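Visitor: I should like to learn how to read the features of a protein structure. Could you guide me through the one shown here?

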Amino acid sequence: MSLHEDEEHWLLRRQLHEHSGDAVSGAFAKAVNRAYRVFDDNYLRIKLILRRKIYQLVDSNAQLQVLLAERNSRIDSNEERLKKLVYNLNRSEVIAHLGSFTWYKGSMEAEYSDNLLKLLSFDSAENSVLSMIRKFEDPLQILRALRGANRSSSAVKLANLKLKGESRYFDLEAHVTFTGGGTIDIISGIIKENTRWVHVNNRAEDQKKFYEAILNNIPVDIAIFNYDHKYMYLNPIAVRDQEVREFLLGRDDFD
C-alpha cells in the first residue's frame, strides 16, 4: 500500500469513528465497510496472484539452476576432453618426431606446435613463416615450392631438408589455401624429422658403392639375379658394353 493510500485508509477509519453518534452513522458505516470488503477482496486476490507468481519464479529459478549445472557439467566435460585430445596430439607429435605450423598471410602471424619449436630450436616470438624457413640450409628451395603452389596443385612436399649448421634432416608437407582472388591465404603443414633414415640410406649407399667397386674390379664374370631370375647386377667383366649392361638390368634371359 502506498503512502497516499495509507492516509486515505486511516482517514476513513477516523471519519467512521467521528460519525458513530450521527443518525447517518449506520449508513455511513455500511458504506465504509463495503468499501473495506472490496479493498480486502482485491488485496487478497492480488496477494494470491503475487504469491503464485513468486512460486512460479522460484520454480523457474530452480529449473534454471539445474540447466546451468548440466550445461556447466557438459562444458567441464568438453574442456577435459579437449585437454586430453591436445595432450594426446602433443604426445603423438613427440613420438613421431614431427611438428605442425599454420601461417596466416592476412595477419602475417604464424602458429607453431610446441614440438616443432623444440625440433627446430625455434622461438615462438618469431611470428613469421620466413623465420622458420631460414632455419634450413636452402630456404629458397622451400619458398619456390610454396610459391609454385596453385589451386589445382595446392600440396607441397619436400624431402631431406638439411637444418642449417647441423646434420639433421626433415621432410616438409604443406597445404596452401587461396583467397577468392587467387592469392595465398593460409599455409599449414607438418615438418617431420627423418635424420635417422637419411643416415641409414647414406650408409647403405656408401656400402653399395663399396661393394660395387669390389665387384667391378674382380676379373671374373659376375651376375646377380632376383627370385624372378631378372638381372639385378652385372659387372663390366661379364658385359663390357655399358649400354648393353644397363639394358639387361631388370630383364631376364628370355627378354
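**Salt bridges, sheet and backbone**

Guide: Let us begin with a pair of charged side chains: arginine 168 and glutamate 193 meet in a salt bridge, with N and O 3.1 Å apart. The term denotes a side-chain nitrogen of Lys or Arg within 4 Å of a carboxyl oxygen of Asp or Glu. Arginine 168 lies in the loop between β3 and β4 and glutamate 193 in strand β5, so the pair ties together parts 25 residues apart in sequence. This is a predicted model, in which local features need pLDDT of at least 70 and side-chain atom pairs count only at pLDDT 80 or more, while totals for chains, interfaces and linings use all residues. Residues are numbered from 1 along each chain as its sequence is written, and side-chain values use heavy atoms, leaving out hydrogens and water.

Visitor: Are arginine 168 and glutamate 193 buried or exposed?

Guide: Buried means under 20% relative accessible area, exposed over 50%, and partly exposed in between (1.4 Å probe, protein chains only). Arginine 168 counts as buried at 18%, and glutamate 193 counts as buried at 17%. Arginine 168 also forms a salt bridge with glutamate 166, at 3.3 Å from N to O, and glutamate 166 is partly exposed at 30%. Glu166, Arg168 and Glu193 are thus linked in a network of salt bridges.

Visitor: How many salt bridges are there by this rule?

Guide: The count comes to three. Another of these pairs is glutamate 137 with lysine 162, whose closest N and O atoms are 3.1 Å apart. Glutamate 137 sits in the loop between α4 and α5, and lysine 162 in strand β3, so that distant parts of the chain, 25 residues apart, are linked. Glutamate 137 is partly exposed at 46% relative accessibility, as is lysine 162 at 23%.

Visitor: In what order do the strands of the sheet lie?

Guide: Strands of a sheet pair through backbone hydrogen bonds, either parallel or antiparallel. Helices (H or I, at least four residues) and strands (E, at least two) are DSSP runs, numbered from the N terminus; two strands pair if DSSP finds at least two bridges between them. Here five strands form an open sheet in the order β2-β1-β5-β4-β3, with antiparallel pairing. At the edges are β2 (109-112) and β3 (155-162), each pairing on one side only. Seven bridges join β1 (residues 98-104) to β5 (residues 184-193), and tryptophan 103 stands opposite isoleucine 187 in β5. Four bridges pair β1 with β2, where tyrosine 104 stands opposite glutamate 109.

Visitor: Which residues of β2 are on its covered face, and which on its uncovered face?

Guide: In a regular strand the side chains alternate between the two faces of the sheet. In β2, Ala110 and Tyr112 form the covered face, whereas Glu109 and Glu111 form the uncovered one.

Visitor: What phi does serine 121 have?

Guide: Most residues other than glycine have a negative phi, and most peptide bonds are trans. Serine 121 has a positive phi of about 50°, although it is not a glycine. Serine 121 is found in the loop between α3 (114-119) and α4 (129-133) and counts as exposed, at 53% relative accessibility. Asparagine 160 likewise has a positive phi, of about 55°; this residue lies in strand β3 and is partly exposed at 44%. Methionine 108 takes a positive phi near 55° in the hairpin of β1 and β2, which has four residues between the strands.
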